[in-house]
Amino acid sequence: MPVPEDRRYSREHEWALPEPDGLILVGITDFAQHELGDVVYVDLPRPGDRVTQNAQMGEVESVKAVSELFSPVSGEVAAVNEDVKNAPELLNESPHEKGWLIRVKPDDPAELDSLLDAAAYTALTE
Amino acid sequence: MTDAPLRTTVLHDDHVSLGARMVPFAGYDMPVQYAGVLAEARAVRTAAGIFDVSHMGRFAVDGGDARALLDWVHTADIGEAMPMGRARYGLLCNESGGILDDAIVYRLGEERFMIVANAANAAKVFAWLERWRNERFPNAALTDRTSEIAMIALQGPEATYIAGQIAGFDPEAVRPFNVVETEVMGAPTLIARTGYTGEDGVEIMPASAVASSLWRALTDAGAAPCGLGARDTLRLEAALLLHGSDMDETVNPIEAGLGRFVRLERDFCGAEAVRAAAENGTPRVLAGFRTAERGPAPRAHHRILINEADVGEVTSGSYSPYLDTNIGLGYLPREASEPGSPISVDVRGRQIPAQIVALPFYKRSR
């Protein structure tokens, strides 16, 4: 699966996609879901919670292991993907789209500039 | 301790070329998954999967004292009553009744046996056999055949059919827990109707020289390559214990719920202690539980709580694709181990509600 050009990436394998309304959609990368294997449980913050760039915001559990989720941006959680909580396999099937995790109202949209672009992230995972 | 280089099985190149994710396990570089744990587990429950289990220890025990030696170290009856071609599961106990390993013994002839030990315990088991050979059973010959013979587990409802197609296996002639000596691809091969998944199937032990060709023939015939991840999930659903996790030398077979694999009236190493445990009962016992909701999975070493009090430890835990919830095993006070009893498990600081259930979690329909 190609690394989408429309978003930025953290070294912890989360992506951050700025949306037209100023919110930022957050998820994990295809590389990350592949490394995790079959995801069976996702623990996410709740709407209204604060998340901080590079700080833990939840966890994702595959059949055999638990991994921490780190937020790529700081801000307030505006929405949570309830579909992925109910059907964690969405993370494996559609990590860049249907498997998004949270929508964040960013404190500072310029924070995205500190993240990797698609080319740099691709290089990181090769 | 220095890190020894990882050993490889004769099928290592096949795993790598199939794109398996490799992990260190019991000193071997082994495949943990190919397509994915859930897809592999599904293949085994609905069709057929194959596992490279060549890392397990395969020891030939031959000679006039072979039967008596195995009868002494193993809790099942390896006596006169064990027919040729039969396989028996049981425990190897130390003098205090603690479980050194669990192992299947295969009777191939009057004075010819094979015992298959867990990879992590293989050296210990061989040394244990040598010790008793030297002390009491001098006319038993021990041969480590682990590297000259491979071992492929072919498991699932279509497993015996595929074994018939590829290896001439006859499921009518070789019933569960039996073994046959045959030839596959021109090489001497044992095919045993045994496994570690809760499904029907066989464990094929071919000469290493043909193992790779056999592996490819089995995958070509439709068996899905499966890794240690699926194997662990499947065996847990079937409540087949894992030595080193669910039992060890600090636990006796009665506590581990394995009394049915012990012939108590016999004289075997550790018998006195195991008999005492059976007669007096043990304060703790291995029990199975399932969580009320999917949630985060209980894992080995998580604490088990009843009314906030710490009463025991999880020994194995996983998401169960069969039950679509989380399941686990753990040691509990006997009085708290009845099916239906509520417990909770401390999963990284969260108390996850669960309930004791009867084992196994999964039993195949016949």
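Reader: Which residue in the turn between E18(B) and E19(B) has a positive phi?

Author: Arg348(B) does, with a phi of about 50°. The turn belongs to a hairpin of E18(B) and E19(B) that has two residues between the strands. Strands here are DSSP runs of E with at least two residues, helices are runs of H or I with at least four, and both are numbered from the N terminus. This is a predicted model, where local features need pLDDT of at least 70 and side-chain atom pairs count only at pLDDT 80 or more, while totals for chains, interfaces and linings use all residues. Residues are numbered from 1 along each chain as its sequence is written, and chains are lettered from A and ligands numbered from 1 in the order in which they are written.

Reader: How many bridges join E18(B) to E19(B)?

Author: Six, with the strands antiparallel. E18 covers residues 342-347 of chain B, and Val347(B) stands opposite Arg350(B) in E19(B). Two strands pair if DSSP finds at least two bridges between them.

Reader: And E14 of chain B, parallel or antiparallel to E19?

Author: Antiparallel, over four bridges between residues 284-291 and residues 350-357. In E19(B), Ala354(B) is the residue opposite Thr291(B).

Reader: Switching to whole chains. How many helices and strands does chain B have?

Author: Eight helices and 19 strands. Chain A has four helices and nine strands, in the order β-β-β-α-β-β-β-β-β-α-α-β-α along the sequence.

Reader: What radius of gyration does chain B have against a compact globule?

Author: Chain B has 20 Å, which agrees with the value near 21 Å for a compact globule of 366 residues. The radius is taken over C-alpha atoms, and the globule rule is 2.2 Å times the number of residues to the power 0.38. For the 126 residues of chain A the rule gives a value near 14 Å, and the chain's 13 Å agrees.

Reader: What share of chain B is buried?

Author: 50% of its 366 residues. Chain A comes to 44% of 126. Buried means 20 or more other C-beta atoms within 10 Å of the residue's own, with C-beta atoms placed from the backbone.

Reader: How many residues does each chain put into the contact?

Author: Chain A gives eight and chain B gives 12. Contact means C-beta atoms, placed from the backbone, within 7 Å. On the side of chain A that touches chain B, strand E4 (residues 39-43) gives the most, with three residues. That side of chain A divides into three nonpolar, one polar and four charged residues. Ala, Val, Leu, Ile, Met, Phe, Trp, Tyr, Cys and Pro count as nonpolar, Asp, Glu, Lys and Arg as charged, and the others, Gly among them, as polar.

Key: Buried ≥ 20, exposed ≤ 12 C-beta atoms within 10 Å, placed from the backbone. Contact = placed C-beta atoms within 7 Å.
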